[in-house]
Amino acid sequence: MEAIKTNELTKYYGKARGIVSLNLSVEQGESFGFIGPNGAGKSTTIRTLLGLISPTSGSAQILGKDIIKEKKAILQDIGYLPSEALFYPGMKVKDILTLSAHMRKMDCTKEARKLCERLQLDTSRKINELSFGNRKKVAIVCALQSTPKLLILDEPTGGLDPLMQREFFDIIRERNHKGTTIFLSSHVLSEIQRNCTRAAIIREGKMIACNSIDALAKTNAKRVTIHGNVPLSKLDGIRDRVDGGGSVSFLYSGDMDLLLQTLSAGHITDLSVSEPDLEEIFLHYYEKNIQN
């Protein structure tokens with residue numbers, strides 16, 4: 001049984017596009033990335049899956065349950081971390097955590113205490129006294145304290161400092177190793193590359209690619225960095241060229257024999273050829289989609 005499955009899921013806001021004919025499948029126990037810039041349709045997808053907004057057409061199931069007919073049962077098994085969490089002003093953090101647990105009819109005291117210690121969250125303070133980063137910690141504990149089967153994380157690290165980001169992803173990986181399904185929506189591509197095994201790329205409400213992180217990274221392009229003086233003007237297949245400090249770096253998708261011949265005709269003090277990172281892959285898919 002899939003943790004998430006959509007069939008031609010579509011959402012329009014009047015005439016404005018939200019998501020269009022989205023077919024998505026996430027297996028139970030996966031750590032799945034959902035990639036796209038702001039406005040691509042990531043949050044619309046999540047809010048539709050959670051029943052916060054109604055789809056225009058199509059269907060979806062969460063853990064085998066219909067998102068419209070069985071919304072209440074679905075929410076019992078999900079931990080949701082929104083990109084921006086709002087809380088009742090004046091409440092203490094500990095009371096917010098208790099309220100969140102009581103809404104699920106659960107006692108989450110032990111797990112909440114562990115999470116607060118790891119995230120260095122002071123539960124005695126009032127929510128309106130906290131910084132954005134500390135409010136994000138409160139939202140994290142609310143989402144995780146019930147140990148749900150599925151975690152849906154929408155831009156989860158905004159406001160967290162680097163140390164807390166690392167601790168957060170340590171917690172998420174631990175949960176995933178215990179069988180929790182992770183659905184991580186982010187425009188921070190390094191987060192997806194480090195923490196997910198498979199990902200979908202969304203552009204203007206439509207999914208343009210979906211595969212393992214390794215498969216998505218397998219393009220013909222290589223990142224080439226040269227220190228020295230090389231005549232590159234005759235080479236086709238160069239893009240994203242950056243010059244500076246006596247070096248040149250570019251993505252190359254042309255004839256490798258011709259590249260080697262060109263390099264041998266120049267004066268090189270250092271050379272590296274590597275696979276492009278996920279950010280470069282992401283741009284490759286976007287540019288390819290636009291051209292098509």
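Helices here are DSSP runs of H or I, at least four residues long, numbered from the N terminus. With that settled, we can start at helix 1 of this predicted model. Helix 1 covers residues 42-49 and is followed by Gly51, a residue with a positive phi, near 80°. Most of helix 1 is covered, with six of its eight residues buried. Those six are Lys42, Thr44, Thr45, Ile46, Thr48 and Leu49. Take Thr44, which lies in helix 1. Its relative accessibility is 10%, so Thr44 counts as buried, the cut-off being under 20%. Setting aside neighbours within four places in sequence, Thr44 is in contact with Lys11, Tyr13, Gly18, Ile19 and Ile53.

Further along the chain, helix 4 packs against two other helices. Its partnership with helix 5 comes first in this account. Helix 4 (residues 109-119) and helix 5 (residues 132-144) have axes 10 Å apart and pack at an angle of about 150°. Angles over 145 degrees count as roughly antiparallel, so helix 4 is roughly antiparallel to helix 5. The crossing, as helix 4 passes helix 5, is right-handed. On the helix 4 side, the contact is made by Glu111, Ala112, Leu115, Cys116 and Leu119, while helix 5 brings in Lys137, Ile140, Val141 and Leu144. Sorted by class, that gives seven nonpolar residues, two charged ones and no polar ones.

Then there is helix 6 (residues 162-177), which packs with helix 4 at an angle of about 145°, again with the axes 10 Å apart. Helix 4 meets it through Glu111, Leu115, Arg118 and Leu119, and helix 6 answers with Met164, Glu167, Asp170, Ile171, Glu174 and Arg175. The class tally for the contact of helix 4 with helix 6 reads four nonpolar, no polar and six charged residues.

What about the nonpolar interior? The largest nonpolar core has 37 residues, and those with the most contacts inside it are Leu97, Val138, Val141, Leu144, Leu153 and Phe168. Helix 5 supplies the largest share of this core, at seven residues. One of the well-connected residues, Leu144, is worth a closer look. Neighbours within four places in sequence aside, Leu144 is in contact with Glu111, Leu115, Leu151, Ile171, Ile172 and Arg175. Apart from the largest core lies another, of 24 residues, and among them are Ile19, Val26, Leu150 and Ile202. Ile19 also turns up in the contacts of Thr44, which brings the account back to helix 1.

How values were computed
Residues numbered from 1 in each chain as written. Predicted model: local features only at pLDDT ≥ 70, side-chain atom pairs only at ≥ 80, totals over all residues. Heavy atoms only, no water. Axes fitted to C-alpha atoms, helices over the stretch in contact; angles between N-to-C directions. Parallel < 35°, antiparallel > 145°, perpendicular 65-115°, else oblique. Left-handed = near helix turned anticlockwise from the far one by under 90°. Contact = heavy atoms within 4.5 Å. Nonpolar A, V, L, I, M, F, W, Y, C, P; charged D, E, K, R; others polar. Buried < 20%, exposed > 50% of the residue type's maximum accessible area, 1.4 Å probe, protein only. Core = buried A, V, L, I, M, F, W, Y, C linked by side-chain atoms within 4.5 Å.
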